[in-house]
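Biologist: Could you take me through a close look at a single part of this model, the surroundings of the ligand? Please go slowly, as I am still learning how to read such a picture.

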Amino acid sequence: PLKQDLKGRRAIVTSGPTHEPIDPVRYIANRSSGKQGHAIAAALAARGAEVTLVTGPVTLPDPPGVRTVHVEAARDMFSACFLDLPVDIFVAAAAVADWRVAVEAPQKLKKSGDLPPVLKLAENPDILRAISTTDAKRRPALVVGFAAETENVVAHAQKKLSSKGCDWILANDVSEGTQTFGGDSNAVHLVTANAVEDWPRMSKTEVAARLAERIAAAFNEDTTK
Ligand code: PMT
């Protein structure tokens, strides 16, 4: 049994894709399976944290011992996260759609003899940035984001760390052939303000366990967190 060194700490973890509706039957999505985010929620709970998992549509079962909130679109994920504040730890593993369709059609779009429809997109709220920059009273002590990149993985992640205002970023390569989306293993770089650690490829469960261990260490060595 693991040390209960996150007992008394509350955490929110986001996971999975979001589905952005086009009309009542169609949506825009991405290839996230939820495996990485769900594993992180379970790993934090295994060390005694009280965890809320906010997940987009996935086929995985809800992890035992974790309160799971199911959402569809980015805006629902945003509200669900803010509703659950305050927490000590926020981990953003979800692949949130950057854009939604500006106006959801109330009825199924029909084929006609004319040109195919053109979808106008609008930008979604950035959950990680909003949580990182919320007022000091509500900001979690430790905010961890992910960076999904296809090139210059670490450099892009370092930029994201400052532009989003989070404390740590786990950077992963999602270029074709890596199977980072959907696969069972992951090779991540832990990027902080003044260091980069390259973790070897390991199962997503092991990545989650190692992250939970680092989070516990951060709280236990720094009493202000
Ligand atoms: O689900 P799996 O199949 O196991 O795959 C895991 C994963 C590849 C999805 C995961 O490891 C991962 O990288 N998740 C983040 C995916 C992503 O959207 O990355 P990004 O670089 O586009 O976004 C950066 C960060 O901002 C992420 O923490 C993301 O959750 C967050 N974000 C992005 C946009 C937005 N509107 N709101 C956000 O919170």
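Modeller: In this predicted model, the ligand is surrounded by 29 residues, and the closest of them are Ser-33, Lys-35, Ala-92, Ile-127 and Leu-128. Three elements each give two or more residues to this shell, namely helix 1 (35–46), helix 3 (127–132) and strand 9 (142–149). Strand 9 supplies the largest share, which is four residues. If you sort the residues of the shell by their chemical character, you find 13 that are nonpolar, 11 that are polar and five that are charged.

It is useful to set this beside the database record. In an unreviewed entry, UniProt places the feature "binding site" at Asp-98, Lys-108, Pro-125, Asp-126, Ile-127, Leu-128, Phe-146, Lys-160 and Lys-164. These positions are spread over 67 residues of sequence, and they are spread in space as well, with up to 37.6 Å between C-alpha atoms.

Two of the positions in that record, Asp-126 and Leu-128, deserve a careful look. Asp-126 sits in the loop between strand 8 (121–123) and helix 3, and it counts as partly exposed because it has 17 C-beta neighbours inside 10 Å. Leu-128, by contrast, belongs to helix 3, and this residue is buried because 23 other C-beta atoms lie within 10 Å, where 20 or more are needed. Once its neighbours within four places in sequence are left aside, Leu-128 is in contact with Ala-92, Gly-145, Lys-164 and Cys-166. Among these partners, Ala-92 is also one of the residues closest to the ligand, while Lys-164 appears in the UniProt record.

From here we can follow helix 3 and strand 9 to their neighbours. Helix 3 is one of the elements against which the buried residues of helix 2 pack, and the others are strand 1 (10–15), strand 2 (20–23), strand 4 (50–55) and strand 7 (99–101). In helix 2 (residues 74–83), the buried residues include Ala-74, Met-77, Phe-78 and Cys-81. These four lie on the same side of helix 2, because they cover an arc of only 105 degrees around the axis. An α-helix has 3.6 residues a turn, so residues three or four places apart point the same way.

Strand 9, for its part, pairs with strand 10 in the parallel sense over six bridges, and Val-144 has Trp-168 in strand 10 as its bridge partner. Since five of the six residues of strand 10 (residues 168–173) are buried, this strand is largely enclosed by the rest of the structure.

Key: Residues numbered from 1 in each chain as written. Predicted model: local features only at pLDDT ≥ 70, side-chain atom pairs only at ≥ 80, totals over all residues. Near = placed C-beta within 6 Å. Nonpolar A, V, L, I, M, F, W, Y, C, P; charged D, E, K, R; others polar. UniProt positions renumbered as here; feature names shortened; annotations may be inferred. Buried ≥ 20, exposed ≤ 12 C-beta atoms within 10 Å, placed from the backbone. Contact = placed C-beta atoms within 7 Å. Arc of directions from axis to C-beta. Pairing = 2+ DSSP bridges.
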